[in-house]
Amino acid sequence: MRKRYVSLLIILLSVLLIAGCSKGNDEESTGDLLAQIKEKGVITVATEGTWAPWTFHDESGELVGYDVEVAKGIAEYIGVEPEFVEGEWDGLFAGLNSKRYDIVANGVEVTPERSETYDFSTPYAYIRTAIIVPEGDDSIKSFEDLDGKTTANTLASTYATLAESYGANAIGVDDLAQTIELLLAGRVDATLNAEVTFYDYKAQHPEAPIKIAALTDTASEVSIPVRKDEDSASLLSAINEAVESMRESGELQRLSEKYFGSDISGTN
């Protein structure tokens with residue numbers, strides 16, 4: 001009888017131990033994201049690393065750019081180290097959805113469609129979209145002229161979506177360099193991109209025979225997306241505080257002027 005009692009007690013303790021471990025794992029997987037980041041001491045940031053001046057590699061191979069420094073500022077405000085993971089555009093959001101990444105810092109524009117899936121931080125940049133065409137092409141002078149034309153952009157980007165909304169056939173590319181190559185080779189009629197990206201490219205390649213054919217009337221907001229769930233709410237609040245702190249200190253303006261030659265951190 002005594003042996004049976006001891007055996008039952010061991011079984012009961014084993015069940016309680018397994019249940020406790022299971023509960024602990026559940027709490028870890030569904031707990032507060034900001035608390036988890038602080039506990040690890042690292043925030044994982046997804047970025048392309050191929051889109052100057054937002055996120056790119058300098059001559060020494062170091063990952064730099066406006067988004068990179070903004071992300072570093074956010075990490076510093078939270079009190080952790082940033083860990084950058086580079087990948088293609090679609091993969092950034094797939095990784096965010098699957099919780100491989102904590103945030104995406106890659107010139108992400110806020111759209112109604114994206115807002116259905118993600119929560120966005122306070123904007124840290126405001127940009128207009130430009131239609132870029134070969135220098136001698138006058139067939140496109142407005143967004144309406146994109147109807148029936150072929151454009152090159154990263155698929156699923158706001159630029160591809162905007163081009164398609166005006167009747168263009170948008171083909172997918174990997175990065176800006178490939179886009180300009182297709183444009184200059186006459187394989188596409190135009191590409192849509194941030195106005196500031198065009199100016200940066202021209203500064204680096206003044207001989208490139210390209211020009212801006214048209215600009216959007218209003219500026220779009222660039223923000224940090226996080227997953228739309230309760231676990232990410234405190235992280236979003238911390239990011240908002242960090243962005244406002246950098247804005248008030250003048251850091252956002254300094255970074256804007258460093259990478260774009262003008263202040264894009266405000267609506268003006």
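**View 1. A cis proline in the loop between S1 and S2.** Pro53 sits in the loop that runs from strand S1 (42-47) to strand S2 (56-57). The thing to look at here is the peptide bond from Ala52 to Pro53, which is cis, with omega near 0 degrees. Keep in mind that this is a predicted model, so treat the cis bond, like everything below, as part of a prediction. For orientation, the chain holds 10 helices and 14 strands, and 45% of its 268 residues are buried.

**View 2. Lys99, a non-glycine with positive phi.** Zoom in on the loop between helix H4 (89-97) and strand S5 (103-104), and you'll find Lys99. Its phi is positive, at about 70 degrees, even though Lys99 is not a glycine. Is Lys99 buried, exposed or partly exposed? With a relative accessibility of 46%, Lys99 counts as partly exposed.

**View 3. Arg100 over a ring.** Here the charged end of Arg100 sits over the ring of Tyr101. The distance to the centre of that ring is 5.4 Å.

**View 4. The open sheet S11-S8-S12.** Three strands make up this open sheet, in the order S11-S8-S12, and they pair antiparallel. On the edges are strand S11 (191-194) and strand S12 (210-215), each of which pairs on one side only. From one strand to the next, the twist averages 40 degrees. Five bridges connect strand S8 (residues 129-134) with S12 in the antiparallel sense. If you want a register marker, Ile132 stands opposite Ile212 in S12. Helix H6 (residues 158-165) packs on the sheet and touches S8 and S11. The direction of helix H6 makes about 135 degrees with that of S11.

**View 5. Thr216 and its polar contacts.** Just past the sheet, look for Thr216 in the loop between S12 and strand S13 (220-222). Thr216 has a relative accessible area of 18%, so it counts as buried, the cut-off being under 20%. What does the side chain of Thr216 reach at 3.1 Å? That would be the backbone oxygen of Thr218. A polar atom of the Thr216 side chain also lies 3.0 Å from the backbone nitrogen of Thr129. Leaving aside residues up to four places away in sequence, Thr216 touches Arg128, Thr129, Phe143 and Leu162.

**View 6. The Phe93 and Tyr118 ring pair.** The model has nine aromatic pairs. In the one shown here, the ring centres of Phe93 and Tyr118 are 5.5 Å apart and the planes are at 50 degrees, so the pair is tilted. Phe93 belongs to helix H4 and Tyr118 to strand S6 (residues 118-120), so the pair ties together parts that are 25 residues apart in sequence. Both rings belong to buried residues: Phe93 has a relative accessibility of 10%, and Tyr118 has 8%.

**View 7. A cluster of aromatic rings.** Which residues do ring pairs link into a cluster? Pick out Trp51, Trp54, Tyr66, Tyr124 and Phe260. To put this in the context of the whole chain, take the contacts with a separation of 6 or more: residues 24 or more positions apart account for 69% of them.

Key
Residues are numbered from 1 along each chain as its sequence is written. This is a predicted model: local features need pLDDT of at least 70, side-chain atom pairs count only at pLDDT 80 or more; totals for chains, interfaces and linings use all residues. Side-chain values use heavy atoms; hydrogens and water are left out. Helices (H or I, at least four residues) and strands (E, at least two) are DSSP runs, numbered from the N terminus. Buried means under 20% relative accessible area, exposed over 50%, partly exposed in between (1.4 Å probe, protein chains only). Two strands pair if DSSP finds at least two bridges between them. Axes are lines fitted to C-alpha atoms, for helices over the stretch in contact, and angles run from 0 to 180 degrees between N-to-C directions. Contact means heavy atoms within 4.5 Å. Rings of Phe, Tyr and Trp (its six-membered ring) pair if their centres lie within 6.5 Å; planes under 30 degrees apart count as stacked, over 60 as edge-to-face and the rest as tilted. A charge sits over a ring if NZ of Lys or CZ of Arg is within 6 Å of the ring centre and within 35 degrees of the ring normal. A polar contact is a pair of N or O atoms within 3.5 Å; within protein, one must be able to donate a hydrogen and the other to accept it, and residues adjacent in sequence count only if both atoms are side-chain atoms.
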